[in-house]
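Subject: Structure handover

Hello,

Here is the structure for your files. Please open it alongside this note, and read on for what turned up.

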Amino acid sequence: EMHAQNAKVATSCQRSLATCCCLKVEERDDAAVYLVLRNESLPPSCFQRWCMCVCGPQPREPSGLEMVPQLRGLAGVAMQHGEDDSSSNLLTMKWGEYDADNRVYELALFDGFYGSNTTGVWTEPVEAPWCCLMNLARCANFSYRLEFSEDFRSADIRMRCNPCVLCCCCCPWIPAWLTVPKSCLDSTMKQHDDSQDGRSWERHSSHCGGTPRLSHHLFQVFDSFGQTGPYKHKLAVKAPKQ
């Protein structure tokens with residue numbers, strides 16, 4: 001299986017698609033560099049310049065999760081591991097905003113009008129639907145809001161956006177004013193029993209009041225300093241080379 005993933009590199013068509021959508025193809029094995037070691041975002045794409053009014057790289061400030069002993073694992077590079085559509089995605093929560101008083105973390109997944117320093121903190125497959133959805137999410141200021149429990153062993157995942165983009169009102173300066181109701185989509189994450197510092201989690205989701213099911217696991221593959229994490233061995237087995 002590792003050899004099969006190493007053979008999965010972006011084709012010329014996929015690279016052209018990514019370029020046309022103002023996205024960038026990165027190497028899997030360089031994930032620590034572009035996710036946690038860069039202290040500023042990449043130079044803005046045409047999309048960011050024209051739609052987000054971003055004229056240069058934006059400085060990144062650590063969210064503060066790395067200062068919470070029970071959550072510092074989330075400030076590294078994590079891989080979604082499972083059988084759903086998001087499996088093998090890489091992400092980090094080192095950047096974003098964390099409210100320590102209320103134990104709330106918020107991240108604009110693909111950046112947005114109010115969070116252009118979070119460009120490149122979440123990966124998706126190099127496929128046409130995802131390339132379109134990522135830019136749509138940017139216009140909608142789509143974000144995740146994690147509300148942690150008092151013991152930091154679990155969290156409710158709330159999704160926020162500006163749904164007007166679905167009505168062709170693509171105004172990126174309109175903030176994410178809608179929090180998706182739990183009756184429509186309910187997601188939670190819980191640390192594995194053997195995880196004490198946020199290195200491994202499992203996520204459960206349900207739709208329209210249905211029974212929650214396991215979506216995927218979240219495993220740390222690099223820490224917040226770019227060093228090898230406890231689940232690095234899973235990276236080459238699950239994630240494509242590019």
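Below are the findings, from pockets to single residues.

First, a caution: this is a predicted model.

**Largest pocket**

The largest pocket holds about 1,000 Å³ of space. Its lining counts 45 residues. Closest to the centre are Lys24, Glu26, Thr123, Glu124 and Val126. By class, the lining splits into 21 nonpolar, 12 polar and 12 charged residues.

Three helices each supply at least two lining residues here: H2 (12–20), H3 (31–37) and H5 (128–139). Helix H5 gives the most, with 3 residues.

**Second largest pocket**

The second largest pocket has a volume of about 890 Å³. Its lining is made of 32 residues. Nearest the centre lie Trp130, Phe142, Tyr144, Met159 and Leu185. The class split is 18 nonpolar, 9 polar and 5 charged.

Helix H5 turns up here too, and gives the most to this lining, with 4 residues. At least two residues each come from H5 and from strands E6 (154–161), E8 (185–191), E9 and E10 (213–222).

**Cavity**

How many cavities of 30 Å³ or more are there? The count is 1. The volume of the largest cavity is about 110 Å³. Two or more of its lining residues come from each of strand E5 (143–148), E9 and E10. Strand E9 gives the most, with 3 residues.

The cavity lining has 13 residues. Ile157, Met189, Arg203, His216 and Leu218 lie nearest the centre. The lining divides into 9 nonpolar, 2 polar and 2 charged residues.

**Two serines in strand E9**

Strand E9 spans residues 200–207 and includes Ser205. Ser200 is also found in E9.

Is Ser205 buried or exposed? Ser205 counts as buried because its relative accessibility is 6%, under the 20% cut-off. Its side chain makes two polar contacts that you can check on screen. One is with the side chain of Ser187, at 3.0 Å. The other is with the side chain of Ser215, at 3.1 Å. Setting aside neighbours within four places in sequence, Ser205 is in contact with Asp186, Ser187, Thr211, Pro212, Arg213 and Ser215.

Ser200 has a relative accessibility of 1%, so it counts as buried. Which side chain does the side chain of Ser200 meet in a polar contact? The partner is His192, at 3.0 Å. Again leaving out neighbours within four places in sequence, Ser200 is in contact with Gln191, His192, Asp194, Ser195, Leu218, Phe219 and Tyr231. Of these contacts, Leu218 is also among the residues nearest the centre of the largest cavity.

**Cysteines**

A search of the whole structure finds 0 disulfides. Why does Cys51 not form one? The closest cysteine sulfur to that of Cys51 belongs to Cys139, 5.6 Å away, which is too far for a bond. A disulfide would need the two sulfur atoms within 2.5 Å.

Two cysteines are worth listing by accessibility. Cys51 is partly exposed, with a relative accessible area of 31%. Cys164 is also partly exposed, at 26%. Both values fall between the 20% limit for buried and the 50% limit for exposed.

**Gly226**

Where does Gly226 sit? Gly226 is in the loop between strand E10 and helix H6 (235–238). At 19% relative accessibility, Gly226 counts as buried, since the cut-off is under 20%.

Gly226 touches Ala32, Val36 and Leu37, not counting residues up to four places away in sequence. Those three positions fall within helix H3, residues 31–37. Gly226 and Ser87 are 139 residues apart in sequence, and their C-alpha atoms are 21 Å apart in space.

**To recap**

The largest pocket holds about 1,000 Å³ and the second largest about 890 Å³. Helix H5 is the top contributor to the lining of the largest pocket and of the second largest. Strand E9 gives the most to the lining of the largest cavity. The search for disulfides finds 0.

Best wishes

Technical notes:
Residues numbered from 1 in each chain as written. Predicted model: local features only at pLDDT ≥ 70, side-chain atom pairs only at ≥ 80, totals over all residues. Heavy atoms only, no water. Buried < 20%, exposed > 50% of the residue type's maximum accessible area, 1.4 Å probe, protein only. Polar contact = N/O pair within 3.5 Å; in protein donor to acceptor, adjacent residues only side chain to side chain. Contact = heavy atoms within 4.5 Å. 1 Å grid on protein atoms, 1.4 Å probe; cavity = no way out; pocket = protein on both sides within 12 Å on 5 of 7 lines; lining within 4 Å. Points joined across faces, edges and corners; volume = space filled by probe spheres on them. Nonpolar A, V, L, I, M, F, W, Y, C, P; charged D, E, K, R; others polar.
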